[in-house]
Protein chains: 2
Amino acid sequence: MNRIEASYLIETPFEVEQACQVMAGEQSCGTFTRLAAETDDFRKRHAARVESIELLDSVDAPSLPMPTRPQPPGTRYQRARVRLSWPLENLGPSLSTLMATLAGNLYELKEFSGLRLLDVSLPHAFAEACPGPQFGIDGTRRLSGVDQGPLIGTIIKPSVGLSPDATAEVVKELLDGGIDFIKDDELQANGPHCPFTERVDAIMPLVLEHEQLTGRKVMVAFNITGEIDEMRRHHDHVLAAGGSCVMVALNAVGLAGVSHLRRHCELPIHGHRAGWGMFSREPLLGMDFAAWQTFWRLAGVDHLHVNGLANKFSESDDSVAASARACLTPLFEPPGPAHTVMPVFSSNQTACQAIDTCRAMGGRSDMIVTAGGGIMAHPGGIAAGVRSLRQAYDAAARGISLADHARDHGELAQALETFCP
Amino acid sequence: MNRIEASYLIETPFEVEQACQVMAGEQSCGTFTRLAAETDDFRKRHAARVESIELLDSVDAPSLPMPTRPQPPGTRYQRARVRLSWPLENLGPSLSTLMATLAGNLYELKEFSGLRLLDVSLPHAFAEACPGPQFGIDGTRRLSGVDQGPLIGTIIKPSVGLSPDATAEVVKELLDGGIDFIKDDELQANGPHCPFTERVDAIMPLVLEHEQLTGRKVMVAFNITGEIDEMRRHHDHVLAAGGSCVMVALNAVGLAGVSHLRRHCELPIHGHRAGWGMFSREPLLGMDFAAWQTFWRLAGVDHLHVNGLANKFSESDDSVAASARACLTPLFEPPGPAHTVMPVFSSNQTACQAIDTCRAMGGRSDMIVTAGGGIMAHPGGIAAGVRSLRQAYDAAARGISLADHARDHGELAQALETFCP
């Protein structure tokens, strides 16, 4: 395949085929009116093509306001799923120009009262040009010493405000509790009250000491989000201190920054999606997670946040499940790389969601589950909280109900009683 | 001022004060339930504060779907303009962590059926830590030799598909036509059909030759959007070839990439906003241009696209005017830097919009006006098209009506007849 393909959900008061041609024109040759240079051969070589149009329902009000082209009362707004394609020749395997092409000016076209990028399929040239995940699922398991089942993790709280020493105290408790994974909050990067290098220096000796005792290095995702040179420097500091993961707020840093970091990086990149709601909460705007994650996997992240089932945010369980499955779906057909990454579940996670989360993962357990209250507020303490999550996911993997499994697993029983009324 | 402030437009079915406290909690200490570590003193030092709430209208349906918390029929959704503040101490003057804080997870909170970032005010520490524009308005005027009035420019069309030589032929015609500014399309970066360095090498000798004849170097914004090392290499190539501007698709590259480029860069950065519709088209989601441009000015762009009046897209004239004014509004109070940048008008621009555009700019003419058809489709040819725009903006600056000015300015008269029915 030498064409880039993308599907969109669109909504338009105009003739759908015509509106799609405007979209294809805007994102390739650039003018709907043909210029002299645009011979038939030129168009054949460079124009984007409308590959298919599947009409959906129509609605009586536009999903997005159309101030410059209000329609008469009674107008219907037709929705459709459309597939466009572009010649690779137009942009080459450039991730940022791919973004500007598939998710650029077209959102502003006045032909549309709704436009959302759904998914992206790419020629193999992108697999060759883009770094892709360096560690992925296998590398994360190897570095964390968790051979099977989810990595059970947590986020340091309060999110922001703890000094390096106070952070280290929290980490110490978590290590003692038998946790697999710890992460900084996305608000905690390199603020004056908790300078990055001091935080690493306070935490890593504890992690290494714990490794000496247990043989397992707990993975700590240090938030290196920042300027390019700062991210490289902080990555190097984590590496030198014996750490095994760095975290980046992807939307805040951007594609070029993450891809650059990946080429320099010797540790897994934990991809935080802060700001994702902006891209996704209006169903007729932005993009699906399936499209968004394609860019970041190509740029080289190893873990991707997908929210959690029964979360404290506004996202539905179906949406969370689709995001998790997207992370595990190969980006390229063999012999191209699959570039699968580990989905990270978070937000209100306790033992209660284990069965449904396992089902959402299609039975796979290649995930990181981060729980706050589900661990910290467990009546038996942190260690019991961690164990309750492991027991729950173990039951889920073996097809045993949580209630049955709780009969001879006390921490799970306590968790069910406390968290799953 | 040692706090970061931001205003939001929100919509919620809950008690507004309570919903805002959730928002402030999520984006600072991180938990609505107080943890043991969160003493009063800790909260005072690190919690985000709700500074003010201005109630607006209420509506009977949520602007954004709330799948996880549907409300009973009859629920009202209250809108409000709210102002939050954060201690600088939490994050330090970090642009990317600022983005993760002000425009992060809060968009997903299920308390809100609408949430939009409106504007941002920052402590002076950000002026010291972030590069800001290197050339801005004065530098752009100096390099382009346009002392007053708008820079009259165009975008090379077809957007994508021309070879380097074919692109150079278009540039030759534009130079002969007396244009001030030429730019690549955002779809044209470094594709196989038009490799970047070959394009620069085909174009720059013409620009330099034209400079020899006229004493003015026409500014060509070469689109260097790409990976970090590629952008640096391409910038260096433009610089070595005698060029005077580089262009970046900001949303596609990201904050860290642009800020890094700026620190390396010796040329003005022309900031393209492709993808902006995603952030802005739903009025109760995303962010206003006033907020968005704050980040990019701090990162160091010199020009920012603002669309154009009577454009071919879906944006209203009021919104375009507000964006243009935002570019000219100082980012910091004196003695801090103003960091003003040149707004770039585009999309369906002809002589017709001159009076209204001047008014939108508050009478200032520090702008780039790019026109396609308004130049190319002028009945007198390219040179006449360029002159018609200059005449129109000259009339606007002098408070003369276009019709009056057209009496003794033939190219303007032709433009009015052709483009402004």
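**Salt bridges, a helix pair and two matching chains**

User: Is R116(B) buried or exposed?
Analyst: The relative accessible area of R116(B) is 8%. Buried means under 20% relative accessible area, exposed over 50%, and partly exposed in between (1.4 Å probe, protein chains only). By that rule, R116(B) is buried.

User: What kind of model is this?
Analyst: Residues are numbered from 1 along each chain as its sequence is written, chains are lettered from A and ligands numbered from 1 in the order in which they are written, and side-chain values use heavy atoms, with hydrogens and water left out. Local features need pLDDT of at least 70 and side-chain atom pairs count only at pLDDT 80 or more, while totals for chains, interfaces and linings use all residues, because this model is predicted.

User: Which residue forms a salt bridge with R116(B)?
Analyst: Side chains of opposite charge can pair when their charged atoms come close. A salt bridge is a side-chain nitrogen of Lys or Arg within 4 Å of a carboxyl oxygen of Asp or Glu. Here the N to O distance is 2.7 Å, and the partner of R116(B) is D288(B).

User: How many residues apart in sequence are the parts that this pair ties together?
Analyst: Helices (H or I, at least four residues) and strands (E, at least two) are DSSP runs, numbered from the N terminus. R116(B) lies in strand β4 (residues 114-121) of chain B, and D288(B) in the loop between β10 (285-287) and α12 (289-299) of chain B, so the parts they tie together are this many residues apart: 172.

User: How accessible is D288(B)?
Analyst: While R116(B) is buried, its partner D288(B) is partly exposed. The relative accessible area of D288(B) is 26%.

User: Which residue pairs with R364(B) in a salt bridge?
Analyst: R364(B) is partly exposed at 33% relative accessibility, whereas its partner is buried at 14%. Their closest N and O atoms are 2.8 Å apart, and the partner is D366(B).

User: How many salt bridges are there over all chains?
Analyst: Some of them join up: E5(A), R81(A), R83(A) and D119(A) are linked in a network. Over all chains, the count of salt bridges is 45.

User: At what angle do α10(A) and α12(A) pack?
Analyst: Axes are lines fitted to C-alpha atoms, for helices over the stretch in contact, and angles run from 0 to 180 degrees between N-to-C directions. In chain A, helix α10 (residues 255-264) and α12(A) have their axes 8 Å apart. The angle is about 35 degrees.

User: Which residues of α12(A) meet α10(A)?
Analyst: Contact means heavy atoms within 4.5 Å. From α10(A) come L255(A), V258(A), S259(A) and R262(A). On the α12(A) side they meet F295(A), W296(A) and A299(A).

User: What relation do chain A and chain B have?
Analyst: Copies are superposed by least squares on the C-alpha atoms of residues with pLDDT of at least 70 in both. Chain B can be laid on chain A with an RMSD of 0.0 Å by a turn of 180 degrees and a shift of 0.0 Å along the axis. That is the relation of a two-fold axis.

User: How many salt bridges are there between chain B and chain A?
Analyst: Between the chains, 86 residues of chain B are in contact with 86 residues of chain A. One of the salt bridges joins R273(A) and E108(B) at 3.4 Å, N to O. Between chain B and chain A, the count is 6.
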